[in-house]
Amino acid sequence: MTVSPSLDELQRAGFPMGGESSVAVDFADTLVTTTDPWTDLLADPSAAARWWKVQAARLPTGPPPDPMTSRRLRNAVRDLLDSHLEGRSTQATSVEDVNALAAAVPTSVRIASDGAKVEAETRWHVETGGNAPLAAIARETVLLITDPERMARLRRCANPDCSMLFLAETKRRLWCTANLCGNRARVARYYQRTRSGTTGA
């Protein structure tokens with residue numbers, strides 16, 4: 001559950017996000033908040049199926065979650081991350097929704113061995129109900145929100161027309177993706193220089 005999809009994999013699947021190290025951030029980015037009304041990138045069932053498929057390597061196995069429950073968790077995650085960046089209080093139900101879905105599927109640790117290698121493996125007890133992929137995203141949200149070091153790296157894309165969030169590895173990172181918003185910024189700067197006659201600068 002640690003293999004993040006690459007930027008190329010996500011973009012080929014039709015999503016503009018950057019394959020963040022946190023699945024919770026990628027999940028939040030499926031809600032575009034700079035449009036009016038907001039755009040749900042998972043509203044189309046085929047798009048939702050592609051998103052869950054491309055994220056599958058870092059989530060426990062299980063059926064795609066119920067769309068309504070998925071949207072409820074995604075909106076709560078988005079609110080928690082946005083409220084941190086905006087310095088405001090979260091909506092009353094956001095913490096409750098994340099906590100409830102994180103607890104919906106109990107886990108246990110067990111030994112997994114292929115004869116040559118022994119390692120710890122997490123078992124998700126879906127027999128008690130709930131959806132393992134959603135529970136995993138909710139738990140990742142809890143771990144992210146309560147980690148001051150990681151939250152200090154949370155950013156929103158510097159493009160005012162973009163709402164994508166990311167965890168900056170360096171202070172220099174300003175854009176959600178270099179090939180989308182970063183490229184648009186470079187093109188805009190070049191256009192400004194050509195208009196002002198300073199292309200050699």
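Helices (H or I, at least four residues) and strands (E, at least two) are DSSP runs, numbered from the N terminus. The model is predicted: local features need pLDDT of at least 70, side-chain atom pairs count only at pLDDT 80 or more, and totals for chains, interfaces and linings use all residues. Residues are numbered from 1 along each chain as its sequence is written, and side-chain values use heavy atoms, without hydrogens or water.

**Exercise 1. Work out the order of the elements in the protein.**

Step 1. Count: there are 8 helices and 6 strands.
Step 2. Read from the N terminus: α-α-β-β-α-α-α-β-β-α-α-β-β-α.

**Exercise 2. Describe how β3 and β4 pair.**

Step 1. Locate them: β3 spans residues 107-113 and β4 spans residues 118-124.
Step 2. Apply the rule: two strands pair if DSSP finds at least two bridges between them. Here 7 bridges join the strands, in the antiparallel sense.
Step 3. Take one position: S108 lies opposite R123 of β4.
Step 4. Inspect the link: 4 residues separate the strands of this hairpin, and G115 in the turn has a positive phi of about 100 degrees.

**Exercise 3. Decide how enclosed α6 is.**

Step 1. Find the helix: α6 covers residues 132-145, 14 residues in total.
Step 2. Set the cut-offs: buried means under 20% relative accessible area, exposed over 50%, partly exposed in between (1.4 Å probe, protein chains only).
Step 3. Count: 10 of the 14 residues are buried, so α6 is largely enclosed by the rest of the structure. Among them are P133, I137, E140 and L144.
Step 4. Set the context: 40% of the protein's 201 residues count as buried.

Methods: Expected span 1.5 Å × (residues − 1).
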